[in-house]
Amino acid sequence: MTSLTGRWPGLRRPQRKYIPVLATLSLLAVMYGVGAVRYEAFSDGQVILNVFVDNAFLLVVAAGMTFVILTGGIDLSVGSVVALTTMLSASLLQEQGWPPYAVLPFVLFVGALLGFAMGCIIHYFEIQPFIVTLAGMFLARGLCYTISTSSIPITDPFWTSMAQSKVRFGEYFVSPSVIVALVVVIVGAYVLSHTRLGRNTYAIGGNPASALLMGLPVARTQITVYAISGFCSALGGVLLSFYMLSGYGLHAVGMELDAIAAVVIGGTLLTGGSGYLVGTVLGVLVLGVIQTIITFDGTLSSWWTKIVIGALLFVFILLQRVIGARKAR
Amino acid sequence: MAEPAAILAMTGITKEFPGVKALSDVDFRLFPGEVHALMGENGAGKSTLIKALTGVYDIDGGEILLEGEAVRFTGPLQAQQAGVSTVYQEINLCPNLSVAENIFIGREPRRLGAIQWKKIHRRATELLRRLRLDIDASALLGTYSIAVQQMVAIARAIDISAKVLIFDEPTSSLDAKECEQLFRVMRQLKDEGIAILFVTHFLDQVYEVTDRVTVLRNGRLVGERLTAELAQIDLVAMMIGKELEVLEQLDEQPKSSPAALQDASPVVAASELGRDGAVAPFNLAIHRGEVVGLAGLLGSGRTEVARLLFGADRADHGQIRVDGTTVAVRNPRTAMAHGIAFCSENRRTEGLVEDLTVRENIILALQAERGWSRPIPRRRQEELVDKYIKALRITPANPDMVVRNLSGGNQQKVLLARWLITEPRLLILDEPTRGIDVGAKAEIQRLVVSLADGGMAVLFISAELEEVLRLSHKIAVLRDRHLVTEMPNDGVDVEHVMRIIASGAAV
Ligand SMILES: Nc1ncnc2c1ncn2[C@@H]1O[C@H](COP(=O)(O)OP(=O)(O)OP(=O)(O)O)[C@@H](O)[C@H]1O
Ligand SMILES: [Mg+2]
C-alpha cells in the first residue's frame, strides 16, 4: 500500500494521469530549445516573461474554460464576453464617467451573470452547451455593437497606469496583469483540488448520471462552472482592455478557439473528467511561444501560428485517445 | 410476535412510465435491524420501487413514511441526507476519480472548506481493509474490474452509515468469497440496528442472510413473508406466479457427453495462447456441439480467455486454429468473420446502445456481419426479433422500446439475443445469467443446451459453479490467470471443482 499520501490528489500516481501534462511540458521545453538555438536573443529570460505579458488575458479565460471542459461542457461565448467587457468598461469609463472601482466589479458581475444564465439554460432545459454558448457568443458580440460600432479609446488614469506599470524582479519585469492571471490560476487550481466544488466538477465530467445518483449537487455545480467561466472571461476582458487601452467589438475574435486549444494542448480531456490547470498554463505558453518564434523569425507569415496550433491539436487529441484507450483496459 | 415500529413504510406506491405501469399500489415496509429481500422477476419493478423511494423518480401516487414522518425526496442527495443510502443496480461511481474519492465524494472531511486528503485516504484504506478488499485506495477506480467497483460502491454506502441501506443486486457480479464478505458486513450492520433492503436473484442468498421477503410481480405486490417460514418452492411460485413446473425443468437439464464429437477436429482450438499480464499461455479445444465451462474465481482470468479468443485483446503468444487451420484473430471483426461471437459481461460499456430500440440492438451484430450495404428486410427483422423476445422472455415484449428503459435483467437478455441471432459457430457467453431471474435463467440454460444440440460450440463462463456443471460437457478451471486443468464433466461435483480452484492442482 502506498504510504505516500500527498496532499495533492494527483501526486501519488504521477505516471499515467500526468502523461498529458508532462507531454505538454516537454513540448514546451523542445520549442524553447529550438528557439534558443536559432535566435540568439531568445534565451533571454525576459522573452518567456513577455509571453506571459502578452497572454495574461488568454490565461485567465482559458482557466475558466478548463472548469467548463472538465465537466464535459464547452463555452464558446468567452471571446465575445471578453469583447463585451472591453466595450462596457470603455463606455462606462469614458462616456458615462463611472469611476474605475465601480466599473470593475460591475463588468465582472455582468460576465458572471451571463455565464450563470447560460449554465441555467444548459442544465434546466437540457440543451447542448455547444448550442447555448454559441447563442451566448452571438448575443454578447451583438451587444458590443449596441454600445458602439467603433473602437472607444480608454484614457482613464487607473487603466493607463495598469497598462504601463511594471512589476520588477531584478532586471526582469512583468505587467500587473500577469500577477492577476497567476493569482487566478493558483486559486483555480486550489479550488479544483481542494474543494467540493472542484471535485464535483471532475465527478460530473467522469459520469454525470453517477454523480447524480451519488447525491452530488449536479445542478449547482454545472451552473457554477459556467458562471466561473463567465467571470473569468470578464476578468480576461478587463486585462485585455488594460493591454489595448480600448474597447472594441472586434477585440478577441476567435479567442474562444485559442482558449479551447490551450486547454486541450494542456492535456485536459474534451470529454471531461480529467485534466489540470497547470496543463492549461503550459498550453497557453505553448501557443505564446509559437507566436514568439514566428515573430522572431520574421520571414514566416503569421498564418503559420494557426497551422502549427492545428497540427499540435491533432497530435494532442490523438495522444489523449491513445492514453484513454490503454486506460480502459 | 410483537413488531417494532417500521423505520420505513411505503404504501400504495404507483409509478407509471409512458406505456408501462411499473408499480401499481405497492406496499413495502422495512424494520430496523432486519435484512429484507425484495424479489421478483426481471422487470417486476424492484429497481423502480427503490428509485421511487430515493427520489430518482417522482411517484404518481402513494405515501412514504420514514421514521413515522411523511417524506418525498427530491433526489438521491436528499435521501442520503435523511439517512437512506443506496447502491443502485448499475454501478454508479466515477471511473476517473480515485477509489478513496469515490467513497467520500460529496461528504469529504474538510477543514476551513479545504478537503483533507490525508484523512480521506486513511479512512478509505481502513474501510477497505474492513471489507477485506486488497486494493489501492489511491488508484483510479476505472482501473479495477466491475466486481471491485461494486465492492467500492458498497463501501461507500456502508460508510454513509445510514439508517436505511439499500442494495440493488449488489451480488450479481461478485464471487462466492466476496459475497461472504458482504454478508458478514450486512449481518454486522443489522446487529447495529440498520435496516437493509437487499435485491437479489439468488435464492440461496435470500435464505442465507435475509429475515423477511417481499415479492413483486408485474409491478404489483404479491406478498410479504418471514424468510424462515417460506419454503423455497413457494418463493419461486410467488415470483413467477406459476406452480412448480419451471423449477422442475431446472433440474432435468441433460448432461449428455457427445463423445463422438470429440474425434472430429475442434471448431476452435487455442494452442499456447496467452497475453502477458492477462493470462498465461493455455491450450483449449472446443468441438462442435460441445459446451465448455470455464470455472474460476473472479480475476482468475476467465474474461481474459474469452477476450483473447474473440480478438478483443491481442495475444502475445500462441495461435488460434479454426477448423484446423491457423487464423490470425487480430480483432473482433476477424473473429466474427470466423464465426466466433462474444457476449460480454459488461453490458453497459461493451454491449448495448442504450438509445436504440430493442429491435435495433438485437439486429446490430447480424447486420454488421452482413455488411451495411445489404440491409435485412424489415419483415425478417421482426420475425427474428420476435422469436428471441419470446425465447428469452424479454418484458415488455415490445421490440420498439428503447433499451435504456428496460430493467437491468431484460437488458442482459437483449444483449444475449444479439449474439444468438448471428448463429455463430462458437458462442462465448461471459456471465450470461447475471442479474437474470430464475425463470429466465432456466430458459437461457435450456437455450444453451439446445444450441449445442444443434451443433454450436459454446464457451460458457459463470461465477456460479452449479450452473457451469449443469451445462458443460467439459470443464476448464482457471486459477491466478493459469488454466490449471481441463476435464470431462462426468461425475464431477461442485466440491471437486472448488478444491481444484483452491489448491490450484488437478485432484
Ligand atoms: N425510465 C423508464 N422508462 C420507461 N419504462 C421504464 C423505465 N424504467 C423502468 N421501466 C420499466 O419498468 C418496469 C420495471 O423495471 P425495473 O427496473 O423496476 O425492474 P426490476 O424489477 O428492477 O428488474 P431487474 O431484475 O431486471 O433489474 C420494466 O418493465 C421497465 O421496462
Ligand atoms: Mg432492477
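This section describes the nonpolar cores and the interface between chain A and chain B in a predicted model.

The largest nonpolar core comprises 145 residues, and those with the most contacts inside it are Ile103(B), Phe167(B) and Met186(B). Helix α3 of chain A, spanning residues 45-70, gives the most to this core, contributing 18 residues. Within chain B, both domain 1 (1-83 + 162-245) and domain 2 (93-160) give residues to this core, which therefore lies between them. The surroundings of Phe167(B) illustrate the packing: when residues up to four places away in sequence are not counted, Phe167(B) touches Val87(B), Ile154(B), Ala157(B), Ile158(B), Leu182(B), Met186(B), Ile196(B), Leu197(B), Phe198(B) and Val199(B). Apart from the largest core lies another, of 72 residues, which includes Val291(B), Leu294(B), Phe310(B) and Ile394(B).

The contact between the two chains involves 31 residues from chain A and 37 residues from chain B, and the area buried between them is about 2,900 Å², of which 58% is given by carbon and sulfur atoms. Two salt bridges are counted between chain A and chain B; in a salt bridge between Glu108(B) and Arg196(A), the closest N and O atoms are 2.9 Å apart. Eight residue pairs, both members at pLDDT 80 or more, are found in polar contact across the interface. On the side of chain A that touches chain B, helices α8 (176-194), α9 (196-206) and α10 (208-213) of chain A each supply at least two residues, and the largest share of that side, seven residues, comes from α9(A).

Key. Residues numbered from 1 in each chain as written. Chains lettered and ligands numbered in written order. Predicted model: local features only at pLDDT ≥ 70, side-chain atom pairs only at ≥ 80, totals over all residues. Heavy atoms only, no water. Core = buried A, V, L, I, M, F, W, Y, C linked by side-chain atoms within 4.5 Å. Buried < 20%, exposed > 50% of the residue type's maximum accessible area, 1.4 Å probe, protein only. Helix = DSSP H or I, 4+ residues; strand = E, 2+ residues; numbered from the N terminus. Domains from an automatic or database assignment. Contact = heavy atoms within 4.5 Å. Buried area = accessible area lost by both parts, 1.4 Å probe. Salt bridge = Lys/Arg side-chain N within 4 Å of Asp/Glu carboxyl O. Polar contact = N/O pair within 3.5 Å; in protein donor to acceptor, adjacent residues only side chain to side chain.
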